[in-house]
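User: I'd like to go through this model in short questions and answers. Please keep each reply brisk and close it on what I asked for.

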Amino acid sequence: MDSRQKVFDYHLRENPFYQSFIGNKTIKKWEDVPVLTKSDLQTPLKQRLSNGFSNKNSYTSKTSGSSGTPLFFAKDKFCHAMTWAVIINRFGWHGVDLDASLQARFYGIPLDFKGYQKERLKDKLSNRYRFPIFDLSEEKLEEFLSVFRRKKFDYINGHTSSIVLFAKYLQKKNLLLKSVCPTLKKCIVTSEMLYDTDKKLLEKQLGVPIVNEYGASELDLLAFTNAEDEFQVNNETLFIEILDKNNQTVKSGNPGRIVVTSLYNKAHPFIRYDIGDIGVLDETSTLKKPILKKLIGRSNDTAVLKGGKTVPGHTFYYVTKSIVEEDGNVKEFVVEQTALDAFTIVYVSEVVLSAKDLKKIEVALSKYIGADLNINYERLEVLDRNNRGKLKQFISKIDRRNEP
């Protein structure tokens, strides 16, 4: 019996919540197992735990809520230990020792006193120096740079967009971070999309290899850059499927919803769990070595237009990104949908976007998305990040209940 069948049978036998979820459905093969969504899990955590498990004998936490509502979850202690075993193994692929290597950490931090002190203590015990990323003004980035001058960091780890912004600051100053901090060996980015253009910028300005990490706190590391610069999927503790809208497996090379089964979590069922992301498996993938060819973004980050047309939100971001990068003045930006035909591009730049750039953006968006869009622009000194420091690059502010 394979691991996925074992964990399914366990929860069907020991978890009242999962028994209720399956109901009287007939399960003859794995593909008959219904897909579990976050909305299915919006009940108190204690009602979702397996027999014999409680908050006291399990690891419990919650997701950041960046995709909507935070999810409270649990892992049994063995599963939690396996999660850390995978993390230690993956970092070890790149010569990073979590106990000994000094980390430059680009993350948010809780602003309440207790949460702040707890994170600072964890930083001290974990051999890491935290760069809080709620303020990424040039004055603050200069302070970051001064820390790199005096500390012997082994690697950087943190939110992609924040490290990219730091790299743009280095580019402006014509500095190579490796020259400033010769001990630096790797940069591991996480939590947000890593675009090819950003990866090239990071490699150029940091002067070290860039490693991409893709994970979900309720599960484990889902994919991690290996020594061959491939985005290797974790198949040791997870079973990952790419499914279409009918919950059928798509062929490698085609996009689909990323659906994950946690093979060792007995405390809480994550079986065929739709994490809300869209991805593509590489055509060269095998069961032994699955490779994630592309991570496209969140399935719920969609723009709904007049007439009912639906467009992935990352399309707006990607098309705009290709234009503003030519200009060179825009440090970062987000796209907000405010009505079915109205979008605001909120950007950080020393100068206002030129009329030529605005025209380019509008022409490109009309080409890829359609005409009759009202595009507004708002220039800010600093973009607002959520309480974890994560930057959401596409935001829909329309009431989805009024969709056509």
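User: In what order do the seven strands of the open sheet run?
Analyst: The pairing in this open sheet is mixed. Strands here are DSSP E runs of at least two residues and helices are H or I runs of at least four, numbered from the N terminus; two strands pair if DSSP finds at least two bridges between them. The order is β4-β3-β5-β6-β7-β8-β9.

User: Which strands stand at the edges of the sheet?
Analyst: An edge strand has a single partner, so one of its sides is left without a neighbour in the sheet. Two strands fit, one at residues 128-132 and one at 231-233. They are β4 and β9.

User: By how many degrees are neighbouring strands of this sheet turned against each other on average?
Analyst: Axes are lines fitted to C-alpha atoms, for helices over the stretch in contact, and angles run from 0 to 180 degrees between N-to-C directions. For this average, direction is ignored. The value is 20 degrees.

User: What is the mean pLDDT of the protein chain?
Analyst: This is a predicted model, where local features need pLDDT of at least 70, side-chain atom pairs count only at pLDDT 80 or more, and totals for chains, interfaces and linings use all residues. Numbering starts from 1 along each chain as its sequence is written, and side-chain values use heavy atoms, with hydrogens and water left out. pLDDT is the predictor's confidence in each residue, from 0 to 100. In the protein chain, 91% of residues reach 70 or more, and the mean is 87.

User: Which element has the lowest confidence?
Analyst: Helix α7 is at the high end, with a mean of 97. The low end has a mean of 69, in a strand at residues 310-312. That strand is β15.

User: In β5, what is the bridge partner of Gln103?
Analyst: Strand β3 (residues 103-107) runs parallel to β5 (residues 155-159), and four bridges join them. Gln103 is bridged to a residue of β5. Its partner is Tyr155.

User: What angle does helix α6 make with β5?
Analyst: Helix α6 covers residues 160-172 and packs on the sheet. It touches β3, β5 and β6 (contact means heavy atoms within 4.5 Å). Its direction makes an angle with that of β5 of about 120 degrees.

User: Which element gives the most residues to the largest nonpolar core?
Analyst: A nonpolar core is a set of buried Ala, Val, Leu, Ile, Met, Phe, Trp, Tyr and Cys residues joined through side-chain atoms within 4.5 Å. This one has 32 residues, of which Phe148, Ile156, Leu177 and Leu206 touch the most other members. β3, α5, α6, α7, β6 and α8 each supply at least two. With seven residues, the top contributor is α6.

User: Which residues does Leu206 touch, leaving out those up to four places away in sequence?
Analyst: Leu206 is among the core residues that touch the most other members. Its contacts lie beyond four places in sequence. They are Ile156, Ile163, Leu170, Leu176, Leu177, Lys178, Leu184 and Cys187.

User: Is Glu119 buried or exposed?
Analyst: Buried means under 20% relative accessible area, exposed over 50%, partly exposed in between (1.4 Å probe, protein chains only). Glu119 meets Lys122 in a salt bridge (3.1 Å, N to O), and Lys122 is partly exposed at 34%. Glu119 has a relative accessible area of 15%, so Glu119 is buried.

User: How many residues apart in sequence are the parts tied together by Lys172 and Glu138?
Analyst: A salt bridge is a side-chain nitrogen of Lys or Arg within 4 Å of a carboxyl oxygen of Asp or Glu, and this pair meets at 2.8 Å. Lys172 is partly exposed at 48%, and Glu138 is partly exposed at 24%. Lys172 lies in helix α6 and Glu138 in helix α5, so the parts they tie together are apart by 34 residues.

User: Which residue forms a salt bridge with Lys289?
Analyst: Lys289 lies in the loop between β12 and β13, and its partner in the loop between β8 and β9, so the pair ties together parts 59 residues apart in sequence. The closest N and O atoms are 3.0 Å apart. The partner is Glu230.

User: In β12, which residue is the bridge partner of Arg257?
Analyst: Strand β11 (residues 255-262) pairs with β12 in the antiparallel sense, over five bridges. β12 is mostly covered, with nine of its nine residues buried. The partner of Arg257 there is Ile278.
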